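Let's take a walk through this one, starting with a pair of strands and working outwards from there. Keep the viewer open and follow along.

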Amino acid sequence: MTASQTSAPVLELAGVQKNFGNHAAVRGVDLRIEKEEFLTFLGPSGSGKTTTLMMIAGLEQPDAGDIILAGRPIARLPAYDRDIGMVFQHYALFPHMSVKRNVAFPLQMRGVKAAEIAHRVANILHLVGLDGLEQRLPRQLSGGQQQRVALARALVYNPSLLLMDEPLGALDKKLRDQLQREIKRLHRDQRITILYVTHDQEEALTMSDRIAVFNRGSIEQIGTAAELYERPATRFVAEFVGEMNFLPAKIVDQTDGETCLDVAGASMTAARAHNFAAGDRVVAAVRPERLTLSDSRPGLSGQIVDAIFLGNATRYIVRLQDGTDCSVLQAVGGAAETGSLEPGQNVTLAWDKRHVMLFAAS
Amino acid sequence: MKSSGLSVWRSLRGAICLLVALYLIAPLTIVVIISFSGAPFLQFPPPSFSLRWYDNLFTDAAWGDALQVSLSILLPSACGATILGTAAAYAIVRGRVPGADFLYAVLMMPIIVPSIITAAALFGLYRLFDLNGTLTGLIIAHVVLTTPYVVATVAAALRTLDPRLEAAAATLGARPVASFRHVTLPLLAPAILSGFLFAAVACFDELIVSMFVSTARTRPISVQMWSNIRGDVDPTIAAIASLSFAFALLALLGSLFFTRRPEVDRSA
């Protein structure tokens, strides 16, 4: 392992804030991005993820806080003096320039010699699979091709960091999947550090090394996809990443190993929760695939109101006695404990206490 | 039967359009024909044809001088209006100028306020600086009068220009001047050229302000036309009218040509 991999992060944000009038768009973001990492900002629109990205790019000025790129404070530097590449949501290709000239532009701005420019442009266009389209104008290209030009243009000068602002938002599903794989390949092969912004959690989960979940101008949690999915730090993360059932519950007792809960009249258990006491009203969160259905074992009783065949699994909607609807995912060919389950049938739901998370009742 | 009713309506609509076009163009056509007249007075149809009125335009001292005055103020004032108008439009649309809308309205004033008021105002102002009757005075007056055309066309083009292009240029390492030169300016060029041509045509045509601030020695072509019409009318007026018509037509075609989107990147 080299020194650069262990020591300085590529990018560091400390207490970055931004207000638009009275509205606090970004309230105190702290963040480190390691070399060659793929970090995604995930969050609903208006959560501050794009504003944070714009401040890193130098297109918005932070009201407070530090931004350090490769050891150099850049918060007060203009965009053109930062060593950052950016791919915009709608590509922002220069419409009057050919593919070749679009990609050559950042090299020209850096005073690179013509022969060197031609060589590097040809290389990067080959890398993104645009050979033969050098002379085309952007509007003569498909959306996917335009996106590749934007990518080539932002990579050709080897910036220390590549920012991508919802780059695949305008493309259809099939093309999006294909470009996701290509971006991942470029990230791996070219050893690029990427900061990616999306509101699509599936995209975030499949592409990222780590994900920062944004909500109301700050980061709720940063972690790997598995960490966010298995151990969400807040109810917002639990709800935003993946699918989750939220069941109102009351803590009956806390013992050494577990927490006894009253959920819709049934007695259930969860792992020991240190931040709650007996008598507290809470919300028990459990993933649909962590619930098991049975028609005999003790558990939460309810009635199947809908069964949806998904191919590799079946989704059951179970209405509990307090009226809460609960989604249950049963893998086809999994250890089903019952025969066929039909809407109208009475069932019980069970869970393993390790898979239940407790959040304060809102 | 519905379709035949539709086609009747269609041919009726075509006929109406043709009539309106004829109504607009006919007087111009008559002027052009008279300019080639062989007779020494305005008569239609002309009894014979000649080029003598075009010849007269360049040989007669009064017309020749007027043409020279017009041509020597045309380029400086159209260029001045183009530079100032483009800069103003950029500041209004892109700059963080307080009261940009108000500024835009102020810049549009010269084409909204009746010319005679502007003319009187300039005349009064010029007396303080001794500019009445000078070419400089005429040029300044025409810059004021034609800048709005440039501001309007360039501002309209800038409003449709995606600001993310300039943001992208900045992230790619372009300083503001380089970004303007390589991205903004080439994309605005058609609008700037149209603005320039409009300004040139407006400058050539302008009469009222020119009448106030010019003297017999610095009389532009529009004022010469006016005095010719009021005195002894001969077809020279038709000749110069035809020439200015041709000039305006060329300018219009030119601006259509420039605003057409290119299919290839010629500089690559």
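Start in chain A, where strand 1 (residues 11–20) and strand 4 (residues 64–69) run antiparallel and are joined by 5 bridges. If you want a spot to zoom in on, find Ala14(A): its bridge partner in strand 4 of chain A is Asp66(A). Keep in mind that you're looking at a predicted model.

Now zoom out a little. That pair belongs to an open sheet of 4 strands in chain A, ordered 2-1-4-5, with antiparallel pairing. Strand 2 (23–33) and strand 5 (72–73) of chain A sit at the edges, each pairing on one side only. Helix 2 (residues 49–57) of chain A packs on this sheet, where it touches strand 1, strand 2 and strand 4 of chain A. The direction of helix 2 makes about 115° with that of strand 1 of chain A.

On to chain A as a whole. Its secondary structure comes to 9 helices and 20 strands, and its C-alpha trace spans about 75 × 45 × 45 Å along the principal axes. Chain A has 362 residues, of which 40% count as buried. Look at contacts in chain A with a separation of 6 or more, and 64% of them are between residues 24 or more positions apart.

The domain assignment splits chain A into domain 1 (3–239) and domain 2 (243–360). Taken over C-alpha atoms, the centres of these two domains of chain A are 40 Å apart. How many residues do the domains bring to their contact? Domain 1 of chain A has 4 residues in contact with 5 residues of domain 2 of chain A. On the domain 1 side, those residues divide into 2 nonpolar, no polar and 2 charged.

What about the nonpolar interior? The largest nonpolar core has 156 residues, and those touching the most other members are Ala152(A), Leu163(A), Val213(A), Ala284(A), Ala199(B) and Ala200(B). Both domain 1 and domain 2 of chain A give residues to this core, so it lies between them. For a close-up, pick Ala152(A): leaving out residues up to four places away in sequence, it touches Val103(A), Ile124(A), Leu125(A), Val128(A) and Leu130(A).

Next, see how the two chains meet. The contact takes 21 residues from chain A and 17 residues from chain B. On the chain A side, strand 6 (84–87) and helix 3 (99–109) are the elements that give two or more residues, and helix 3 of chain A gives the most, with 5 residues. The chain A side divides into 14 nonpolar, 3 polar and 4 charged residues.

Now cross over to chain B and look for helix 7 (residues 163–171), where Ala168(B), Ala169(B), Ala170(B) and Thr171(B) are buried. What covers them? The cover includes helix 2 and strand 6 of chain A, together with helix 8 (176–205) of chain B. Just after helix 7 of chain B, Gly173(B) takes a positive phi of about 105°.

Last stop: Tyr23(B), in helix 1 (residues 2–35) of chain B. Is Tyr23(B) buried or exposed? It counts as exposed, because it has 9 C-beta neighbours inside 10 Å, and the cut-off for exposed is 12 or fewer. From Tyr23(B) to Phe36(B) is 13 residues in sequence and 22 Å in space, C-alpha to C-alpha.

Conventions:
Residues numbered from 1 in each chain as written. Chains lettered and ligands numbered in written order. Predicted model: local features only at pLDDT ≥ 70, side-chain atom pairs only at ≥ 80, totals over all residues. Contact = placed C-beta atoms within 7 Å. Nonpolar A, V, L, I, M, F, W, Y, C, P; charged D, E, K, R; others polar. Buried ≥ 20, exposed ≤ 12 C-beta atoms within 10 Å, placed from the backbone. Core = buried A, V, L, I, M, F, W, Y, C linked by C-beta atoms within 7 Å. Domains from an automatic or database assignment. Pairing = 2+ DSSP bridges. Axes fitted to C-alpha atoms, helices over the stretch in contact; angles between N-to-C directions.
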